[in-house]
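Me: Got a minute to go through this one with me? I'd like to talk about a pocket and a helix pair.
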Amino acid sequence: MGKGGQLSNDVVRKILLSYTYVAIWIFLSFTVIVYNKYILDKKMYNWPYPISLTMIHMAFCSSLAYILVNVLKVVEPVTMSWDLYLKSVVPIGLLYSVSLWLSNSAYIFLSVSFIQMLKALMPVAVYSIGVMFKKESFKSETMANMLSISVGVAIAAYGEARFDTWGVILQLGAVCFEATRLVMIQILLTSKGITLNPITSLYYVSPCCLVFLFFPWVFVEYPILKETSSFHLDFVIFGTNSAVAFALNLAVFLLVGKTSALTMNVAGVVKDWLLIAFSWSVIKDTVTPINLAGYGVAFLGVAYYNHAKLQALKAKDAQKTAQQDEEEGKLLEQKEGGNNDRNNDRRKNDSQG
């Protein structure tokens, strides 16, 4: 604070930068979701091949990440043995590939607004799987919060005008695989002291995804693409779509690195409301009052979850600061005690002399 309670220029600059990172992430995330919906929806661009689209993204990200790491040397690759790669990165790549495949497939059957409502279940899935793998401690209060989110999403699903069972199964499957991937990152990488930024993450994980997606693609989509003219790709559409998807990964790095993962969660809630409004006003998806009421309940649950996380982080930081102060106090006491001992010794020597 400056004089008169005014914020200093440095603080204002940091606040503006944080909002800028949030705005960039929301814009890119918004663009990727709407762009994927446009490509995959049969009433729009009409290219309903989610595995192929995901493979294009992974091939683009792999190539660009390789150039950034090995040619331009923007970031240093993480030192990793083949054994660690196979046991840690490959399982994460498998989960990520299935998550992307299912989530992209859901755009064919469900509206953008309803998909965002279903994504509100992500904290529920992450917490439940975290408890299952003993990365989270079971708390009845947190579980009650998870239940409220689930009830809200169930109400939203009940009020969905274009409810499609297969689409819901696909999106719920995507949520489960993505939640498992996030927990596995903690278990297989973070716990071993390995941290991957988005560029190195894509450098190691994207090729895995490409390989894992190739096998279902050969049997599911390749025979159809081979028989139709859809096999010809529009390089402008798919190139810009892939570039935006890659930029989103960099935006995640900026947002989390310069602010926090919690900020991204809060920004995600804002993004979801914007997408729902866009889906209703521009794409003309039907959004019913029951939809909004249900998502409102889920939204409150997610907001409370984020609030609880923030309080836990503050308490943890306060405890860490208190421990550091205590350690510094002990060191100071030891130093002062040592000085006193030396002074006493010096006085004794002087008196003896």
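Reply: Sure. First, a definition: Ala, Val, Leu, Ile, Met, Phe, Trp, Tyr, Cys and Pro count as nonpolar, Asp, Glu, Lys and Arg as charged, and the others, Gly among them, as polar. Also, this is a predicted model.

Me: OK, so how do the residues lining the second largest pocket divide by class?
Reply: That lining has 12 nonpolar residues, one polar and two charged.

Me: And how much space lies in that pocket?
Reply: The second largest pocket holds about 240 Å³. It is lined by 15 residues, and Pro50, Trp101, Ser105, Val220 and Glu221 are the closest to its centre.

Me: Which elements give two or more residues to the lining?
Reply: Those are α2 (50–71), α3 (82–109) and α7 (165–188). The most comes from α3, which gives five residues.

Me: Switching to helix packing. How do α3 and α8 cross?
Reply: Helix α8 covers residues 198–220, and its axis comes within 8 Å of the α3 axis, at a crossing angle of roughly 60 degrees. The two are therefore oblique to each other.

Me: Left-handed or right-handed?
Reply: Right-handed, as α3 passes α8.

Me: Which residues make the contact?
Reply: From α3, Tyr85, Val89, Val90, Gly93, Leu94, Tyr96, Ser97 and Trp101. From α8, Tyr204, Val205, Cys208, Cys209, Phe212, Leu213 and Pro216.

Me: What's the class split there?
Reply: The α3 contact with α8 has 13 nonpolar and two polar residues, and no charged ones. Trp101 of α3 is in that contact, and Trp101 is also among the residues closest to the centre of the second largest pocket.

Conventions:
Residues are numbered from 1 along each chain as its sequence is written. This is a predicted model: local features need pLDDT of at least 70, side-chain atom pairs count only at pLDDT 80 or more; totals for chains, interfaces and linings use all residues. Side-chain values use heavy atoms; hydrogens and water are left out. On a 1 Å grid over the protein atoms alone, a cavity is a set of points where a 1.4 Å probe fits but cannot get out, and a pocket is an open set with protein on both sides within 12 Å along at least five of seven lines; lining residues have an atom within 4 Å of a point. Grid points are joined across faces, edges and corners, and a volume is the space filled by probe spheres set on the points. Helices (H or I, at least four residues) and strands (E, at least two) are DSSP runs, numbered from the N terminus. Axes are lines fitted to C-alpha atoms, for helices over the stretch in contact, and angles run from 0 to 180 degrees between N-to-C directions. Angles under 35 degrees count as roughly parallel, over 145 as roughly antiparallel, 65 to 115 as roughly perpendicular and the rest as oblique. A crossing is left-handed if the near helix is turned anticlockwise from the far one by less than a right angle, and right-handed if clockwise. Contact means heavy atoms within 4.5 Å.
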